[in-house]
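Here's a quick briefing to read with the model open beside you. Have a look at the fold first, then work through the points below.

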Amino acid sequence: LSQLAVSPTTTFLSADAGSVLDMSANRLRIVPALTPLPVALFTPDTINPVLLAYEFDMNDGRLVLNFSETIDASTFSAAGVQLQATSSVTSNACPCQTCANDEFELIP
């Protein structure tokens, strides 16, 4: 999926005849996968993902991160994630635990 919809040359759409009906119940004319419709206007993604929430389960040892958009899981680096003991840090002596490996479960 890393090469899907990243430019106009990687963005095409196909559709089954039953995927939509008009107001008179006429079915959509099929757009075959062998001859898909190219995108008319492509706007690339320029918005950075935002970490919206997370869940941490000490029993399962699992950290679930919820982002504002789909992310490329292969780019995730657990070393960049820190668990903090307080909600604010006032010095460089952070009461944090940096993750030492990439053993996190990413759930789409």
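Which residues make a nonpolar surface patch of about 470 Å²? Leu-51, Tyr-54, Phe-56 and Met-58 do. Keep in mind that this is a predicted model. It's a chain of 108 residues, with 10% of them buried, and its secondary structure comes to six strands and zero helices.

**The chain overall**
- Reading from the N terminus, the elements go β-β-β-β-β-β.
- About 9,000 Å² of the protein chain is exposed, and 56% of that comes from carbon and sulfur atoms.
- Take the contacts between residues at least 6 apart in sequence: 26% of them link residues at least 24 apart.

**The β3–β4 hairpin**
- Strand β3 covers residues 51-57, and Tyr-54 sits in it.
- β3 pairs with β4 (residues 62-67) in the antiparallel sense, with six bridges between them.
- One pairing to look up is Leu-51, whose bridge partner in β4 is Phe-67.
- Four residues lie between the two strands of this hairpin, and Gly-61 has a positive phi near 65° there.

**The core and the patch**
- The largest nonpolar core has five residues: Leu-63, Leu-65, Phe-76, Ala-78 and Val-81.
- As a general rule, nonpolar side chains in soluble globular proteins tend to be buried together.
- Leu-65 is worth clicking on: beyond its neighbours within four places in sequence, it's in contact with Leu-51, Ala-53, Tyr-54 and Phe-76.
- Among those contacts of Leu-65, Phe-76 is a fellow member of the core, while Leu-51 and Tyr-54 belong to the surface patch.
- Is Tyr-54 buried or exposed? Tyr-54 counts as exposed because its relative accessibility is 52%, and the cut-off for exposed is over 50%.

**Two alanines with positive phi**
- Ala-5 isn't a glycine, yet its phi is positive, near 55°.
- You'll find Ala-5 in the segment before β1 (12-13).
- Ala-5 has a relative accessible area of 41%, so it's partly exposed.
- Ala-25 also isn't a glycine, and its phi is positive at about 70°.
- Look for Ala-25 in the loop between β1 and β2 (37-38).
- With 51% relative accessibility, Ala-25 counts as exposed, since the cut-off is over 50%.

How values were computed:
Residues are numbered from 1 along each chain as its sequence is written. This is a predicted model: local features need pLDDT of at least 70, side-chain atom pairs count only at pLDDT 80 or more; totals for chains, interfaces and linings use all residues. Side-chain values use heavy atoms; hydrogens and water are left out. A nonpolar core is a set of buried Ala, Val, Leu, Ile, Met, Phe, Trp, Tyr and Cys residues joined through side-chain atoms within 4.5 Å. Buried means under 20% relative accessible area, exposed over 50%, partly exposed in between (1.4 Å probe, protein chains only). Contact means heavy atoms within 4.5 Å. Patches are made of residues with over 30% relative accessible area and no salt bridge: like charges are joined within 9 Å, nonpolar side chains (Val, Leu, Ile, Met, Phe, Trp, Tyr) within 5 Å. Accessible areas come from the Shrake-Rupley method with a 1.4 Å probe; for residues, only the protein chains shown count as cover. A salt bridge is a side-chain nitrogen of Lys or Arg within 4 Å of a carboxyl oxygen of Asp or Glu. Two strands pair if DSSP finds at least two bridges between them.
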